[in-house]
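Here is a short briefing on pockets. Look at the model first, then read the points below.

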Amino acid sequence: MNELALKYGCNPNQPEAKIRMKDGSDLPITVLNGRPGYINLLDALNSWQLVKELKEATGLPAAASFKHVSPAGAAVAVPMSDVLKKIYFVDDKPLSPLATAYARARGADRMSSYGDFAALSDVCDKETAALINREVSDGVIAPGYTEEALAILKAKRKGSYTVLQIDPSYVPAPVESKDVFGITFEQHRNDAKITAELLTNLVTENKEIPDEARRDLIVSLITLKYTQSNSVCYAKDGQAIGVGAGQQSRVHCTRLAGNKADNWFLRQNPKILSLPFRPGIRRADRDNAIDVYISDEYMDLLADGIWENTFTEKPAVFTKEEKAAWLSQLTGVSLGSDAFFPFGDNIERAHKSGVSYIAQPGGSVRDDNVIATCDKYGIAMAFTGVRLFHH
C-alpha cells in the first residue's frame, strides 16, 4: 500500500488528508490499530528517526515522547533510582530496558507529554506496553510488538489507540521536498551523524568530559535534531530533562529548557515525594498539582477551600529559599544547542541549572565571550561545527 487516508489534516477544517509514496513504492509503516491523524504521523515519523539514531549512537534501547512535532522527552535505557521511579509513577511495575527508556522519556516533562505520541527503538514488550497503557497518549510507533504487548495496546482507549509498525530497514531518498503556499521546497535531508567524534574540539580550559556526560551530550544533540528551532536541550543520566523548542530568542529557549530541568529536579525533593495526596487522585491531576506547588502560583493550590480537593492535609509552602538550596545541588548536567550561543548570558542561565558540559556548533562573533563565561564556572564546552536547525 503506497497511500493512507487520514482522519483530517492539521485541523478538522482540512478534511482532505493523506500520506503517500511519490515513487509508487509501499509505505514503510503499517497501521496495526486506530486511525492516525496528520500531526500524529508527523510526530511518529520524527520520533522514530530520533529513537533509531539514539539506539545506533549509544547501543541502548531508546524511547521518545512527542507533542506537536517536538520531543517532550527522549531517553536511553539507563537504570533509574527509586526516587526517579516514584516521580515517574513506575515504582509499582517491572521494568525491561525498553520500559526504562520509555519511563524516562515520558517522565521528563509529564505536563508536556500529556496526550503524546511515543516512539520505541526496539520491539515493544509487555512491560513497555503496560506503562503506555495507563498514560494519556495518542499513539505509538515501533519496529514491532510482541503478541502480549499488541493485545494490551489494542485495548487502549476503547480499541481506538493508534499503533504503528515501521520497517526498521527503510531508508528515505536523499532529497526531500514539501509544499508551502503552492511552492515546492527541496533540500538534501539532514543525515548528519551525531557521534562522540563531534565532542573532541574542546575550546574551554576544562577539557574533561566523562563518558556519562558524552552519552548525555549525544542524547541532547540527537534530540535537538528533531526539535523545532530554535532549540536547547538539557540532559542527565541518559535522558533529556528540559527541552526548549521554537523560541525566536536563544536565551529565552535556554531559560525555558532550564526551567523545565529545574522542575525535573525539584520534583525529586523530599517535600514533593511526601505530598499527602488524597486517595484516588489521578496521575495527571497529581502532575498538575505538583507543577503549581513548585511554581510562584502555589497559593492557587494551597488556598483554604482549594487544597482540600487534592490533599488530606494542607502542605507547607515550598519556599523560594528551600527551592534555591535544593537546586544548588544539581550538577553534572549536559546541554546542547542547535546553533551557536551569541552571548554569554545563555551560559549564565545554564549554570544556574547545574550545567557542567556543553556542546554547540560555535561560530559566533562573540565566541570568546561565551568561552570566557564557561571558563568562569569551569564548564567544559565542545564546538561541534554542526548546526541542527529543524523545521
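The points below cover two pockets, one after the other. The model is predicted. The largest pocket holds about 2400 Å³ of space. The second largest has a volume of about 470 Å³.

**Largest pocket**

- The lining of the largest pocket is made up of 46 residues.
- Closest to the centre of this pocket are Leu42, Leu45, Glu176, Ser177 and Lys178.
- Helix H1 (38–58) supplies at least two lining residues, and so do strands S2 (18–20), S9 (175–180) and S10 (183–188).
- H1 gives the largest share of this lining, with ten residues.
- By class, the lining of the largest pocket holds 21 nonpolar, 15 charged and ten polar residues.

**Second largest pocket**

- The volume here is about 470 Å³.
- The second largest pocket is lined by 24 residues.
- Ile87, Arg267, Asp287, Ile290 and Asp291 are the lining residues closest to its centre.
- Helices H2 (82–87), H4 (110–113), H8 (250–266), H9 (270–273) and H10 (283–293) are the elements that each give two or more residues to this lining.
- H8 provides the largest share of the lining of the second largest pocket, five residues.
- Twelve residues of this lining are nonpolar, nine are charged and three are polar.

Key. Residues are numbered from 1 along each chain as its sequence is written. This is a predicted model: local features need pLDDT of at least 70, side-chain atom pairs count only at pLDDT 80 or more; totals for chains, interfaces and linings use all residues. Side-chain values use heavy atoms; hydrogens and water are left out. On a 1 Å grid over the protein atoms alone, a cavity is a set of points where a 1.4 Å probe fits but cannot get out, and a pocket is an open set with protein on both sides within 12 Å along at least five of seven lines; lining residues have an atom within 4 Å of a point. Grid points are joined across faces, edges and corners, and a volume is the space filled by probe spheres set on the points. Helices (H or I, at least four residues) and strands (E, at least two) are DSSP runs, numbered from the N terminus. Ala, Val, Leu, Ile, Met, Phe, Trp, Tyr, Cys and Pro count as nonpolar, Asp, Glu, Lys and Arg as charged, and the others, Gly among them, as polar.
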